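Please look over the sequence and the model shown here, with attention to how strands, side-chain contacts and backbone geometry fit together. The report that follows takes these topics in turn.

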Amino acid sequence: MKLLLVTSSYSSTGQGSAAAGLFVHDFAVALTKANVTVNILAPTTGSAVDSDDSLAVSRFVVPKLPLSLLNPASPGDWVAIVRTMAAGRRAVQQACLESRPDHILALWALPSGAWVRRAARQFSIPYSIWALGSDIWGLGKLPLVRGYLATVLREAAHCFADGIKLAADVQHIVGGRDCRFLASSRMFGPPGRRLPNKAPPYRLAFLGRWHPNKGPDLLLDALAQLTESEWTRIEAVRVCGGGPLETEINRRVKALASAGHPVKLDGYLDHAAAHELFEWADYVIIPSRVESIPVVFSDAMQMHRPVIAMPVGDLASLLETYGCGIVADEVSAQGMARAIRRALDTTPGGFARGVMQAAEAFDVRRTAVDCLAALNS
């Protein structure tokens, strides 16, 4: 099979700012090992570097990245959105002319699915859509966008989603047609030599976008609620990433550090640095307000690290099914603080069996095989 993979975010260098695109490279590699010829099409602002020669990657220029920060409800983004949509449509059309794929897979529903839909109809090539939570729970809430999103999904040969509840929501949008769950995990690497601490003090780590949906502000508010006695059970907290909440996150971390608490701030991490962070950690924290199943969850599982997570998306169900961490009782700073207190009283090694079972279920090679089987059905 010749597959054209069209994505709104792609990185072969492991840069943390690529968000969901961190997964795409490893997924494409896994597909090639299943005897699929993969051509990747992704946007750039003109500075992208692709260091991996094992995959065929084409780029087209857009005004701004990441595209996830473009807001259709903001008039200030309208010009960039119009130019991005036009550039993507032209690029997909040209890619179809050059590679003549058997199938086009759009990652993710918007804008990639919109780019793909027109070219697929023009060249009579089937296309499929893989939806993210930001597609359905974000853009899908905008009245005019929701109708177009439904059309893009409805005309696809296959629909996938990177969450269990998300797949059900996609089915609702498209009137009940099937949507399959596929886990968006990546090859994070084998666990390091360091085992989690067997007793406090413990190390806590957050890695993700500094965006309200990802909840880094909730995490810092939760940490501020801990007592001095509870802080003695914490060796250090590392908050890593970047995004629109940068000013607020900087301010709150400085306040905690000024109070004598061991909280350290880092920026975006490349693949190697993220691997080192998770080896350093005893618990990985996922304080999201809105989430499906974040890639950081499977990263933590591959590193044999339990998580402390908000009860959003599929996280509560996954933690209950596999026994791979602690889930907060509500989506709030207070709920996260209570979950952290429970973690400080729990040995991370007690989650080892569940963590390893979850790691097997969220293997990108398994995802590639499942996706390919669906496309060939």
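I129 has C159 in β6 as its bridge partner, within a parallel pairing of strand β5 (residues 127-131) and β6 that runs over four bridges. Strands are said to pair if DSSP finds at least two bridges between them, and the elements themselves are DSSP runs numbered from the N terminus, with helices being H or I runs of at least four residues and strands being E runs of at least two. This is a predicted model, in which local features need pLDDT of at least 70 and side-chain atom pairs count only at pLDDT 80 or more, whereas totals for chains, interfaces and linings use all residues. Residues are numbered from 1 along each chain as its sequence is written, and side-chain values use heavy atoms, with hydrogens and water left out.

Strand β6 (residues 158-161) also runs parallel to strand β7 (residues 180-181), to which two bridges join it, and in this pairing A161 stands opposite F181. Between β6 and β7 the chain passes through helix α6 (residues 164-173), and this β-α-β crossover is right-handed, a term which requires that, with the strands pointing away from the viewer, the path from the first strand over the helix to the second runs clockwise. The side chains of β6 alternate in direction, with H158 and F160 pointing one way and C159 and A161 the other way, and all of them are buried. Buried here means under 20% relative accessible area, exposed means over 50%, and partly exposed lies in between, as computed with a 1.4 Å probe on protein chains only.

F160 of this strand also belongs to a cluster in which ring pairs link F23, F27, W108, W130 and F160. The structure holds 12 aromatic pairs; rings of Phe, Tyr and Trp (its six-membered ring) pair if their centres lie within 6.5 Å, and planes under 30 degrees apart count as stacked, over 60 as edge-to-face and the rest as tilted. One of the pairs joins Y202 and Y283, whose ring centres are 6.0 Å apart with planes at 85 degrees, so this pair is edge-to-face. Because Y202 lies in strand β8 (residues 202-209) and Y283 in strand β11, the pair ties together parts that are 81 residues apart in sequence. Y202 is buried at 2% relative accessible area, and Y283 is buried at 0%.

Which kinds of charged contact accompany these ring pairs? A search of the whole structure finds 15 salt bridges, each being a side-chain nitrogen of Lys or Arg within 4 Å of a carboxyl oxygen of Asp or Glu. Three of them are set out below.

| Salt bridge | Closest N to O | Source |
|---|---|---|
| R289 and D217 | 2.8 Å | computed |
| D221 and R252 | 2.5 Å | computed |
| D266 and R238 | 3.2 Å | computed |Because R289 lies in the loop between β11 (283-286) and α11 (295-302) and D217 in helix α7 (residues 216-224), the pair of R289 and D217 ties together parts that are 72 residues apart in sequence. R289 is partly exposed at 32% relative accessible area, whereas D217 is buried at 8%. The pair of D221 and R252 likewise links distant parts of the chain, with D221 in helix α7 and R252 in helix α9 (residues 246-258), 31 residues apart. D221 is partly exposed, with a relative accessibility of 30%, while R252 is buried at 15%, and both residues join E248 in a network of salt bridges.

D266 and R238 are both buried, and they connect strand β10 (residues 263-266) with strand β9 (residues 234-242) across 28 residues. R238 also lies over the face of W280, at 5.2 Å from the ring centre, where a charge sits over a ring if NZ of Lys or CZ of Arg is within 6 Å of the ring centre and within 35 degrees of the ring normal.

H103, found in strand β4 (residues 103-107), is buried with a relative accessible area of 4%. Its side chain makes a polar contact with the side chain of S128 at 2.8 Å; such a contact is a pair of N or O atoms within 3.5 Å, in which, within protein, one must be able to donate a hydrogen and the other to accept it, and residues adjacent in sequence count only if both atoms are side-chain atoms.

The backbone has some further features. The peptide bond from L110 to P111 is cis, with omega near 5 degrees, and P111 lies in helix α3 (residues 109-123). The bond from P200 to P201 is also cis, with omega near 10 degrees, and P201 is found in the loop between β7 and β8. N35, a residue other than glycine, has a positive phi near 70 degrees and is exposed at 68% relative accessibility.
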